[in-house]
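Here are my notes on this model. Please read them with the structure open.

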Amino acid sequence: MKKSKEYIICSTLFYVSSILSYLTAIINIIGGNHTSMGIAWLCLGSTFLCLGSVFLKKSKENNDDKDK
């Protein structure tokens, strides 16, 4: 099965999003409060998660079109 470009982008964005979420959790545990860097990384991770969802939907639509 050949993976489409959108699928590869989607999985990469999901991985980056999870790494940023883990880093945010570690920074908040070590820092003791919500630091500005932790909040920025959390927002960036959420953005990557949303973009990954968009690319996943596009990948599924393209895959469905190829099957018809």
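1. Start with Gly-38, in a model that is predicted. Leaving aside neighbours within four places in sequence, Gly-38 is in contact with Thr-24, Ile-27 and Asn-28. Gly-38 sits in helix α2. Its relative accessible area is 1%, so it counts as buried. The cut-off for buried is under 20%. The C-alpha atoms of Gly-38 and Leu-20 are separated by 9.1 Å, and these two residues are 18 apart along the chain.

2. Now the overall layout. The protein has two helices and zero strands. Helix α1 covers residues 5–31, and helix α2 covers residues 36–67. Of the 68 residues in the protein, 18% are buried. The accessible surface comes to about 5300 Å². Carbon and sulfur atoms account for 66% of that surface. Take the contacts between residues at least 6 apart in sequence: 68% of these join residues at least 24 apart.

3. What span should the 27 residues of α1 have, at 1.5 Å a residue? The expected value is 39 Å. The end C-alpha atoms of α1 are 38 Å apart, which agrees. Just after α1, Gly-32 takes a positive phi of about 85°.

4. Which residues of α1 are buried? They are Glu-6, Cys-10, Leu-13, Ser-17, Leu-20, Thr-24, Ile-27 and Asn-28. Compare the spacing of these numbers with the helical repeat. An α-helix has 3.6 residues a turn, so residues three or four places apart point the same way. Note that the list of buried residues includes polar names, among them Ser-17 and Thr-24. The next two points take those in turn.

5. Thr-24 lies in helix α1. Is Thr-24 buried or exposed? It counts as buried because its relative accessibility is 4%. A polar atom of the Thr-24 side chain lies 2.8 Å from the backbone oxygen of Leu-20. Not counting residues up to four places away in sequence, Thr-24 touches Gly-38, Trp-41 and Leu-42. The Gly-38 contact appears in point 1 as well, seen from the other residue.

6. Ser-17 is also placed in helix α1. With 5% relative accessibility, Ser-17 counts as buried. Where does the side chain of Ser-17 reach? It reaches the backbone oxygen of Gly-45, at 2.9 Å. Gly-45 is also one of the contacts of Ser-17 once neighbours within four places in sequence are left aside. Phe-48 and Leu-49 are the others listed.

7. Met-37 lies in helix α2. Its relative accessible area is 45%, so it is partly exposed. Partly exposed falls between the 20% and 50% cut-offs. The C-alpha atoms of Met-37 and Ile-27 are separated by 8.3 Å. Along the chain, Met-37 and Ile-27 are ten residues apart. Ile-27 is among the buried residues of α1, and it is in contact with Gly-38.

8. Last, the surface. Ile-26, Ile-29 and Ile-30 form a nonpolar patch there. Together they have about 360 Å² of accessible area. Ile-29 lies in helix α1. Why does Ile-29 count as exposed? Its relative accessibility is 69%, and the cut-off for exposed is over 50%. Please view this patch alongside the buried residues of the helix, which include Ile-27 and Asn-28.

Note on methods
Residues are numbered from 1 along each chain as its sequence is written. This is a predicted model: local features need pLDDT of at least 70, side-chain atom pairs count only at pLDDT 80 or more; totals for chains, interfaces and linings use all residues. Side-chain values use heavy atoms; hydrogens and water are left out. Patches are made of residues with over 30% relative accessible area and no salt bridge: like charges are joined within 9 Å, nonpolar side chains (Val, Leu, Ile, Met, Phe, Trp, Tyr) within 5 Å. Accessible areas come from the Shrake-Rupley method with a 1.4 Å probe; for residues, only the protein chains shown count as cover. A salt bridge is a side-chain nitrogen of Lys or Arg within 4 Å of a carboxyl oxygen of Asp or Glu. Helices (H or I, at least four residues) and strands (E, at least two) are DSSP runs, numbered from the N terminus. Buried means under 20% relative accessible area, exposed over 50%, partly exposed in between (1.4 Å probe, protein chains only). A polar contact is a pair of N or O atoms within 3.5 Å; within protein, one must be able to donate a hydrogen and the other to accept it, and residues adjacent in sequence count only if both atoms are side-chain atoms. Contact means heavy atoms within 4.5 Å. The expected span of a helix is 1.5 Å times one less than its number of residues.
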